[in-house]
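User: Could we go through how the helices pack and where empty space is left in this structure?
Analyst: Certainly; please display it and we can begin.

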Amino acid sequence: MAYGKQWQTVMEDGTVVTRSNTWSPPGSHPVGYGVKVVTKDGELIRIEGDDDNPITTGRVNAMNLALREYTYAPSRIIHPMKRDYADRGKDKWVQTTWDEALDTICEKVRYFQETYGPESIVCFGGTGREACIFYYALTFSVLQSPNCCYTQSGWSCYGPRCSISDYVLGAGYPELDYAGHLPGSYQDPRYEVPKYIVVWGKEPLPSNGDGFFGHCLVDLMKLGTKIISIDPRITWVGAHDGNINLQVRPQTDTALALAIMNLMFENDEYDHEFAEKWIYGLDEIKERAAEYPVDKVAEITTVPAEDIKRVAHIIGTERPVGWAWGLAFDQNKNGVQLSQAFIILAALAGSIDRPGGLTLGPPSALLGKWRMEQRGAMEDSVWEKRIGAAAWPGLSTGMATTQPDETLNTMESDEPYALKMGWFNSSNFLTPTCSAQPKRWHKALQKLEFVVVQDLTMTPTAMAVGDYFLPMATWAEHNGIVLTHYGRNTVFMGPMNKALQVGECKSDVEICLMFGQRLNPGWWPWYKPADGKSLDLDALATAVEDFYSDQLKELGFDWKTFQELGLYQPGAHGFEYEKYEKGLLRFDGEPGFNTITGQIEAYSILYESWGEDPLPYYEEPNYSPISKPEFAGQYPLISTSGSRRYSSFHSEHRHVPSLRQIDPWPWVQLNPQTAEEYGITDGDWCEVYNMFGEARFKAEVTPVIKPGILNCAHGWWFPEQDGEEPNLFGVWKSNFNSLVPHFNVGKLGFGAPYKGVMCNVRRVRSLDQD
């Protein structure tokens, strides 16, 4: 690998050590932990951290260390499976072959394409996985359908931040500069350690979101960086001496951002040179921010005014200030405005594309760009049928997917047309990971006439609706590329090197190659089986390497070279800060940002064209005791969800014994004051409920959460329970998403209140008894 090391070594005792980088499956954000995969006689022995990796320096998360358990779990499916349509919901799966699966599935795809049109096929994709690169291509250029769907109401994960960055910043995803792109790490002479980092609605250590290595915060804290944590909870990074915690009422963050901005203007504490040159609508945003005086916002957010003033002064005067923004920006009907305000605050602080601030990348590059280009496989007349695209241009311009709430409406109503076939790519969305009102989705999915599921283990979603099950390879069982931010900001990039093979499991790219060669060979020319049809493992392995070699051409090397290189960091290949000054962000090569005005748009031209307020504003959540006073007595509390634990990635890993031991049951965090008020003690089973649904959790009584707020676990199901209908591995018992309303989104189609909806709580006897 890199650093003068071989990427694979045979040891004297016969073990083989393969140096690699992690992604998924099983689920994990593309943080790219440097690891050594130790095998013997083709069997996985263990995973070790790679001390020579300059970013992760030997550190590995628990989910990757448990890969042996996951790989050889009794419940793992390692051969293609099928069952009769009449047996949906029943455990009547039978093993089949890849050749039979290819024949039958391709025949079905052609039938639906020719009978109802390619738009009758919908592909459902999961979150955060390597599949995020490939389920777009699977939809667009393999199945040739316009309907690629991520089912979370309001597309409330990452997509909103990416789109708003594109619209108002004209760049790819802005990420905290933690020197991951620089070969010299924190010691690189180009780098500057931030004095403060604003960690907003994010818990980086367990989440490692989208390529951001969360433990860099620990490194930077050791180097003197202080943390400003904005969160309803006090997180681990916020809890240390000298760090500041603004415990904001859920979903009121936009008001807080505008109050901070107003104080920076009032006190004349901001980067005048940058703001006057590069912010469009500076006068207008000053006027808008003035509508949010600190005392008013302190009342809205429940954050003390003096704390807001202190943070505004730090952001306005300290340099450099780093920024890390998280899921709270997306799971919020008002989140589009929050993201816009966040970018303006970072600009006022002089943090944009400067050392220790925020790094920028192009809107799309490498495999991320390739996946979007797959839309060219369809005629315009087909692409225009994408569900929700015309009604929601604010979402559909930035995201090449359907509007998820509209997708459920279409499935229920058959308007504007009926969906006939579904393909689930690493998506178990009936668990509380994505879909709001999951029982409605469950009922609607039954209308699909044919369903393909590709995953690693049987899930509630697969059991409920699947007809064919295609077994997936883990990251240690296939070649691939770890790509931070999916090409929107390539902080670094590393190879996943195949170290073993289990059963007949295939990777995302292999499945695309196999089906693409049958269904649309002009777009999938790499795979050439010897007889033109049957599964050819040698040809498939060559096709994967050829495919990746083509994707790497723009960097000047092929797959083999990349495999030997081991890690690609832009800082070793001509990386520059302040790209906006040098014409490196705009497609026309001119200085500036890739927006309509060439500046960061505090006043958004695109928003205005879509009928949205061009300036950020605060809007009270639709379901809070303030906006719904008639329900305040019945539902006086606020629930939030989506925070991460080290033991699982969303709904995955529940069947892995060592990880389940860390978190054996779904949990709800509540403040001691709230617990006492409701007669709940630590370890009690509770039912959290509201006007939309209910879910059960075990109580964790802790002072880290504000009184009146419940932080609920997400992604829970029970693999040890009966998997057949109606139980479906207990998927309905602790399903937080039952409490989230359908189609409660912002004006651009983004954002839903997964992190803030009114509720109540009561103590119950157990998971199953009142």
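**Helix packing and empty space**

Analyst: In this predicted model, helices α3 and α20 are oblique to each other, because an angle of about 55° between them falls outside the ranges for parallel, antiparallel and perpendicular packing.

User: Which residues do α3 and α20 cover, and how far apart are their axes?
Analyst: Helix α3 spans residues 98-116 and helix α20 spans residues 508-519, with the axes 10 Å apart. The crossing of α3 over α20 is right-handed.

User: Which residues make that contact?
Analyst: From α3 they are W98, D99, A101, L102, D103, I105, C106, V109 and R110, and from α20 they are I511, M514, F515, R518 and L519. Sorted by class, the contact of α3 with α20 has ten nonpolar, no polar and four charged residues.

User: Turning to α17 and α18, at what angle do they cross?
Analyst: Helix α17 (residues 404-413) and helix α18 (residues 438-445) cross at roughly 45°, and their axes come within 9 Å. That angle makes α17 oblique to α18. Their crossing is left-handed.

User: And which side chains or backbones meet there, by residue?
Analyst: P404, T407, L408, N409, M411 and E412 of α17 meet R440, W441, A444 and L445 of α18. The contact of α17 with α18 comprises six nonpolar, two polar and two charged residues.

User: New topic: what is the volume of the largest pocket?
Analyst: The largest pocket has a volume of about 640 Å³. Its lining has 29 residues, and P363, S364, G368, K369 and M372 lie nearest the centre.

User: Which helix gives the most to that lining?
Analyst: Helix α14 does, with seven residues. Helices α5 (159-169), α14 (366-373) and α21 (537-552) each supply at least two. By class, the lining of the largest pocket divides into twelve nonpolar, nine polar and eight charged residues.

User: What about the second largest pocket?
Analyst: The second largest pocket has a volume of about 530 Å³. Among its 21 lining residues, G361, P362, Y568, P570 and K579 are the closest to its centre. The lining of this second largest pocket has eleven nonpolar, seven polar and three charged residues.

User: How many cavities of 30 Å³ or more are there?
Analyst: A search of the whole structure finds eleven. The largest cavity holds about 410 Å³ of space. It is lined by 35 residues, of which G201, K202, L327, A328 and K755 are the closest to its centre. The lining of the largest cavity has ten nonpolar, 14 polar and eleven charged residues.

Technical notes: Residues are numbered from 1 along each chain as its sequence is written. This is a predicted model: local features need pLDDT of at least 70, side-chain atom pairs count only at pLDDT 80 or more; totals for chains, interfaces and linings use all residues. Side-chain values use heavy atoms; hydrogens and water are left out. Axes are lines fitted to C-alpha atoms, for helices over the stretch in contact, and angles run from 0 to 180 degrees between N-to-C directions. Helices (H or I, at least four residues) and strands (E, at least two) are DSSP runs, numbered from the N terminus. Angles under 35 degrees count as roughly parallel, over 145 as roughly antiparallel, 65 to 115 as roughly perpendicular and the rest as oblique. A crossing is left-handed if the near helix is turned anticlockwise from the far one by less than a right angle, and right-handed if clockwise. Contact means heavy atoms within 4.5 Å. Ala, Val, Leu, Ile, Met, Phe, Trp, Tyr, Cys and Pro count as nonpolar, Asp, Glu, Lys and Arg as charged, and the others, Gly among them, as polar. On a 1 Å grid over the protein atoms alone, a cavity is a set of points where a 1.4 Å probe fits but cannot get out, and a pocket is an open set with protein on both sides within 12 Å along at least five of seven lines; lining residues have an atom within 4 Å of a point. Grid points are joined across faces, edges and corners, and a volume is the space filled by probe spheres set on the points.
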